[in-house]
There are 2 protein chains.
Amino acid sequence: MIPEIDRIRTLLTAAGCAWTRPRAQVLAVLTAVAHPLRVEEIHRRLGDPRINLSSVYRALHLFHRLNVVRRLLLGDGAARYELAEAYRGHHHHLVCDACGRIEDVSRCPLEGRDLGAALGAAAAFAVRSHSLELFGL
Amino acid sequence: MIPEIDRIRTLLTAAGCAWTRPRAQVLAVLTAVAHPLRVEEIHRRLGDPRINLSSVYRALHLFHRLNVVRRLLLGDGAARYELAEAYRGHHHHLVCDACGRIEDVSRCPLEGRDLGAALGAAAAFAVRSHSLELFGL
DNA sequence: GAGGATTTGCAAACGATTTGCAACGGCCAA
DNA sequence: TTGGCCGTTGCAAATCGTTTGCAAATCCTC
């Protein structure tokens with residue numbers, strides 16, 4: 001078994017959640033692919049027609065709540081999901097304005113910077129995470 | 001008339017688009033407010049019950065295509081719109097994880113950096129714009 | 001393997017956004 | 001200023017992604 005999946009399974013168990021076939025398969029799909037997927041794409045790749053689309057939605061919600069996956073909203077109507085930073089490393093996305101293709105970049109231009117300070121003002125705001133998407137061609 | 005609106009009107013005309021009441025009013029709302037608004041919020045603030053919600057959607061699409069407004073997707077189901085950079089200046093958003101409040105920050109931690117270079121790789125990708133949202137409390 | 005709690009499949013409900021179409025209203029030419 | 005053309009609007013219905021209620025199926029503990 002892929003180590004990430006094992007870690008996640010332990011996490012679920014610790015959170016009192018069952019390790020079920022739909023959840024396992026959704027994770028299998030996410031670990032196998034190198035870019036964010038739409039829910040319907042994940043569902044299509046499950047390879048098990050018995051699994052219902054709403055179970056995929058529910059699994060993704062759970063994973064998102066447990067910080068196992070990250071949710072991306074990139075402009076077309078549908079959300080995309082990918083494994084969270086802890087399982088895939090911190091990265092950002094290049095989104096092509098023309099064809100819509102999405103690619104990962106692992107280098108982060110904000111790395112090591114104190115964002116709170118860099119932004120000045122808003123002292124009351126504690127930055128917990130950031131989301132940076134680059135649009136271009 | 002507010003100068004930004006005049007500039008935008010000229011832009012529309014140049015693009016062969018009519019300057020109509022719904023379009024003008026949508027812009028009036030957007031220039032009057034200092035943070036991104038949901039479509040339905042914009043519609044509610046128009047002050048003219050004759051204007052239909054779909055006209056607001058269509059106006060916003062047009063404005064988006066002409067780079068007059070910027071579209072933000074921040075996680076709850078609805079898109080938010082604000083005037084584009086050229087009319088409000090470059091800025092980013094602080095999104096509160098707890099209450100959902102959104103605030104602008106005008107300081108940009110990426111300012112003056114060569115993003116293409118900072119990201120390495122992807123030489124074929126020309127960055128045209130970026131979107132940075134900070135989540136925290 | 002049995003029992004109880006958690007999940008699932010299914011189908012219907014939902015909210016945001018889009019669309020077809022006839023009526024309307026900007027805008028240019030006369 | 002007026003007439004008319006073509007883009008734009010209002011309306012209502014369709015669409016899309018996502019969520020939900022509920023009974024049946026599955027998972028986990030003992």
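This report covers the protein surfaces near two DNA strands, then a cavity and the largest nonpolar core. The model is predicted.

## DNA strand C

Around DNA strand C there are 21 residues. The nearest are A:Thr20, A:Ser55 and A:Arg58 from chain A, with B:Tyr57 and B:His61 from chain B. Among the atoms of DNA strand C within 4 Å of the protein, sugar and phosphate make up 70%.

Three polar approaches to this strand involve chain A. A:Thr20 uses a polar side-chain atom, 2.7 Å from a phosphate oxygen. A:Ala18 uses a polar backbone atom, which sits 3.2 Å from a phosphate oxygen. A:Arg23 brings a side-chain N or O atom to 3.1 Å from a sugar or linking oxygen. Two or more residues of the surface near DNA strand C come from each of helix 2 (21–32) and helix 4 (53–65) of chain A, and helix 4 (53–65) of chain B. The most comes from helix 4 of chain B, with 4 residues.

By class, the surface near DNA strand C has 9 nonpolar, 7 polar and 5 charged residues.

## DNA strand D

DNA strand D has 24 residues around it. Here the nearest are A:Tyr57 from chain A and B:Thr20, B:Arg23, B:Ser55 and B:Arg58 from chain B. Sugar or phosphate accounts for 71% of the strand D atoms within 4 Å of the protein. Bases supply the rest.

Which part of DNA strand D lies 2.9 Å from a side-chain N or O atom of B:Arg58? It is a base nitrogen. B:Arg23 and B:Arg50 instead approach phosphate oxygens. For B:Arg23 the atom is a side-chain N or O, at 2.8 Å. For B:Arg50 it is a backbone N or O, at 3.0 Å.

The elements giving at least two residues each to the surface near DNA strand D are helix 4 of chain A, and helix 2 (21–32) and helix 4 of chain B. Helix 4 of chain A has the largest share, 4 residues. This surface holds 10 nonpolar, 8 polar and 6 charged residues.

The polar approaches to both strands are listed here.

| Residue | Protein atom | DNA atom | Distance |
|---|---|---|---|
| A:Ala18 | backbone, polar | strand C, phosphate oxygen | 3.2 Å |
| A:Thr20 | side chain, polar | strand C, phosphate oxygen | 2.7 Å |
| A:Arg23 | side chain, N or O | strand C, sugar or linking oxygen | 3.1 Å |
| B:Arg23 | side chain, N or O | strand D, phosphate oxygen | 2.8 Å |
| B:Arg50 | backbone, N or O | strand D, phosphate oxygen | 3.0 Å |
| B:Arg58 | side chain, N or O | strand D, base nitrogen | 2.9 Å |

## Cavity

The count is 1 cavity of 30 Å³ or more. The volume of the largest cavity is about 30 Å³. Its lining consists of A:Leu30, A:Val33, A:Ala34, A:His35, A:Pro36, A:Tyr81, A:Glu82, A:Leu83 and A:Arg88. Which element gives the most to this lining? Strand 3 (residues 79–83) of chain A does, with 3 residues. The lining divides into 6 nonpolar, 1 polar and 2 charged residues.

## Nonpolar core

The largest nonpolar core has 27 residues. A:Val26, A:Ile42, A:Val56, A:Leu60, A:Phe63 and A:Val68 touch the most other members. At least two core residues come from each of helix 1 (3–14), helix 2, helix 3 (39–45), helix 4 and strand 3 of chain A. Helix 4 of chain A gives the most, with 5 residues.

Helix 4 of chain A thus appears twice as a leading contributor: in this core, and on the surface near DNA strand D.

Note on methods: Residues numbered from 1 in each chain as written. Chains lettered and ligands numbered in written order. Predicted model: local features only at pLDDT ≥ 70, side-chain atom pairs only at ≥ 80, totals over all residues. Heavy atoms only, no water. Near = heavy atom within 4 Å. Polar contact = N/O pair within 3.5 Å; in protein donor to acceptor, adjacent residues only side chain to side chain. Nonpolar A, V, L, I, M, F, W, Y, C, P; charged D, E, K, R; others polar. 1 Å grid on protein atoms, 1.4 Å probe; cavity = no way out; pocket = protein on both sides within 12 Å on 5 of 7 lines; lining within 4 Å. Points joined across faces, edges and corners; volume = space filled by probe spheres on them. Core = buried A, V, L, I, M, F, W, Y, C linked by side-chain atoms within 4.5 Å. Buried < 20%, exposed > 50% of the residue type's maximum accessible area, 1.4 Å probe, protein only.
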